[in-house]
Amino acid sequence: MGYSGVRGGMNAILAAERLVRRSRDHAPAAWASTEQIVLRFRLAVDRIMGEAGLYDPPTAADAFRQAEGDVLEAAHLVRAHRSTLPRLAVTEPVDPDEMVVLRRIVPANRTPDGPQLLGRTTDYTGRLLERPAGKPEPEESEVEQPAERTAEQRRPRRFYQLLRDLDLVVEHGEPAEDPEPFDITRRAARPPAPRSAVLSSMARAETGALVGLWYRSILGPDGDVHEITLGDTRHGRVPLRVVHPHTGNPVEIGQIRVTEAEGIEDLDGADEDRTRFDVGYGLCFGHNERKAIAMANLDIAWRRAAPDSPLEQLLLLTTDGLDSGGFLEHLKLPHYVTFRSMVDRKIARRTARNSTEPRVPEPFGEECR
């Protein structure tokens, strides 16, 4: 695919960039600090971190401001920044059972082991637009504040464990060897791919693309997923550990927030055990329940898909927002030469078709060269 240079193009590009900066950075009362963006636009910041593959709220907030609120462009900025950073160490595997839960709901069970924690959510709030005239004043809520949770309540037992105790889940055989997870940041994943590559691709996928593909798997022609129920859906903090270079012992270096979901599928295939359920898993950076839930159900769909199903290829190659968005954005760049060549070929074909003298275009006549 070729592009054509244009005289004076660089001056126009620089002028366009100056116009963006002037409107973004110097408008009256328009500047938002990094801390303000992290606190006020936390879901956008979390989504940027997940789609960029870098957990650093201030960096995501700066990208959000620079991209003027365009989440996909902000993720592009952060991923480009990530590529410049050194890889100093590799953390130990994260154990989600160590999560300190901030929010936990189990739609499949009214009274699961441990409490249901609604946390910070608008799931049960009417979608009514509020238009405050100014900065809202702090409210003295009359609603009773929830009691402090114990450490045990903040780490409740999984609903999946209850299903296992009842012998109601499919036990997928673990590989004899525990291979290293596929690193999609170092090499591209192509079908057939291990489950770690598929889950990693979904964790870094564009949220809207993943939700759209999940919805197609339910209502579309593929029929990869049927009866959908959710087990544990959690948002909380998990510790990160690295091996100390001198002592060789794992040392906690910080915590990150993640969202985790379990999708439950009612097996009904001809060759499936209809006395059991299959359980899929999803985990992503920040508070992004849409992505985690879609991941969990697509994990099942990928596992149940027919050998000739395109689902794995779609998950690995089409859900990355930077790839798909980048291809779309490049269409706005100059394509004069390529389109002119297509026009010339159309005219040459028409001329050859209407010509009374039989001839073989070479490659569509001298006039096309």
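Asp46 is buried, with just 2% relative accessible area. This acidic residue sits in helix 3 (residues 42-52), and, leaving out residues up to four places away in sequence, it touches Arg257, Phe285, Gly286 and His287. Keep in mind that this is a predicted model.

**The whole chain**

Stepping back, the protein chain has twelve helices and four strands. It runs to 369 residues, of which 32% count as buried. Among contacts with a separation of 6 or more, 66% are between residues 24 or more positions apart. The chain exposes about 24,300 Å², with carbon and sulfur atoms supplying 54% of that area.

**The strands**

Let's take strand 2 (residues 228-243) as the way in, with Thr233 as one of its residues. Is Thr233 buried or exposed? Thr233 has a relative accessible area of 1%, so it counts as buried. Its contacts, not counting residues up to four places away in sequence, are Arg103, Arg104, Ile105, Glu260, Ala261 and Glu289.

Strand 2 pairs on one hand with strand 1 (residues 100-105), antiparallel, over five bridges. Here Arg104 stands opposite Arg234 of strand 2. Strand 2 also runs antiparallel to strand 3 (residues 250-266), and 14 bridges join these two. One bridge pair there is Arg241 with Glu252, the latter in strand 3. The hairpin of strand 2 and strand 3 has six residues between the strands, and Gly248 takes a positive phi near 80 degrees in it.

**The nonpolar cores**

The largest nonpolar core holds 24 residues, and Met202, Leu210, Leu298, Leu311 and Leu315 touch the most other members. Helix 7 (195-203), helix 8 (207-219), helix 9 (289-304) and helix 10 (311-317) each supply at least two residues of this core. Helix 9 gives the largest share, seven residues.

Which residues does Leu210 contact, leaving aside its neighbours within four places in sequence? They are Met202, Ala205, Lys291, Ala294, Met295, Leu298, Leu315 and Thr319. Apart from this core lies another one, of 17 residues, including Ala44, Leu54, Phe64 and Ala75.

Helix 7 deserves its own look. Its residues Ala197, Val198, Leu199, Ser201 and Met202 are buried. The cover over the buried residues of helix 7 includes helix 8, strand 4 (277-285), helix 9 and helix 10.

**Salt bridges**

The structure holds 26 salt bridges. Three of them are set out here.

| Acidic residue | Basic residue | Closest N to O distance |
|---|---|---|
| Asp183 | Arg87 | 3.1 Å |
| Asp299 | Arg195 | 2.6 Å |
| Asp344 | Arg340 | 3.0 Å |

Start with Arg87 and Asp183, which form a salt bridge. Arg87 is in the loop between helix 5 (71-82) and strand 1, while Asp183 is in the loop between helix 6 (159-165) and helix 7, so the pair ties together parts 96 residues apart in sequence. Both partners count as partly exposed: Arg87 at 45% relative accessibility, Asp183 at 24%.

Next come Asp299 and Arg195, also joined by a salt bridge. Asp299 belongs to helix 9 and Arg195 to helix 7, so this pair ties together parts that are 104 residues apart in sequence. Asp299 is buried at 2% relative accessibility, whereas Arg195 is partly exposed at 33%.

Then there's the local case. Asp344 and Arg340 both lie in helix 12 (residues 336-354), four residues apart, or about one turn of the helix. An α-helix has 3.6 residues a turn, so residues three or four places apart point the same way. Asp344 counts as partly exposed at 22% relative accessibility, and Arg340 as exposed at 55%. Elsewhere, salt bridges that share partners link Asp97, Arg158, Glu260 and Glu262 into one network. Glu260 also turned up among the contacts of Thr233.

**Out at the surface**

Where does Met10 lie? Met10 is in helix 1 (residues 9-25), and it counts as exposed at 54% relative accessibility. Together with Ile13 and Leu14, Met10 forms a nonpolar patch on the surface, with about 280 Å² of accessible area between the three of them.

Finally, Asp62 lies in helix 4 (residues 57-66). Asp62 is partly exposed, with a relative accessible area of 31%. The C-alpha atoms of Asp62 and Leu77 are separated by 9.5 Å, and the two residues are 15 residues apart along the chain.

Conventions. Residues numbered from 1 in each chain as written. Predicted model: local features only at pLDDT ≥ 70, side-chain atom pairs only at ≥ 80, totals over all residues. Heavy atoms only, no water. Patch = residues over 30% accessible without salt bridge, like charges linked within 9 Å, V, L, I, M, F, W, Y side chains within 5 Å. Areas by Shrake-Rupley, 256 points an atom, 1.4 Å probe, with all protein chains shown as cover. Salt bridge = Lys/Arg side-chain N within 4 Å of Asp/Glu carboxyl O. Buried < 20%, exposed > 50% of the residue type's maximum accessible area, 1.4 Å probe, protein only. Contact = heavy atoms within 4.5 Å. Pairing = 2+ DSSP bridges. Core = buried A, V, L, I, M, F, W, Y, C linked by side-chain atoms within 4.5 Å.
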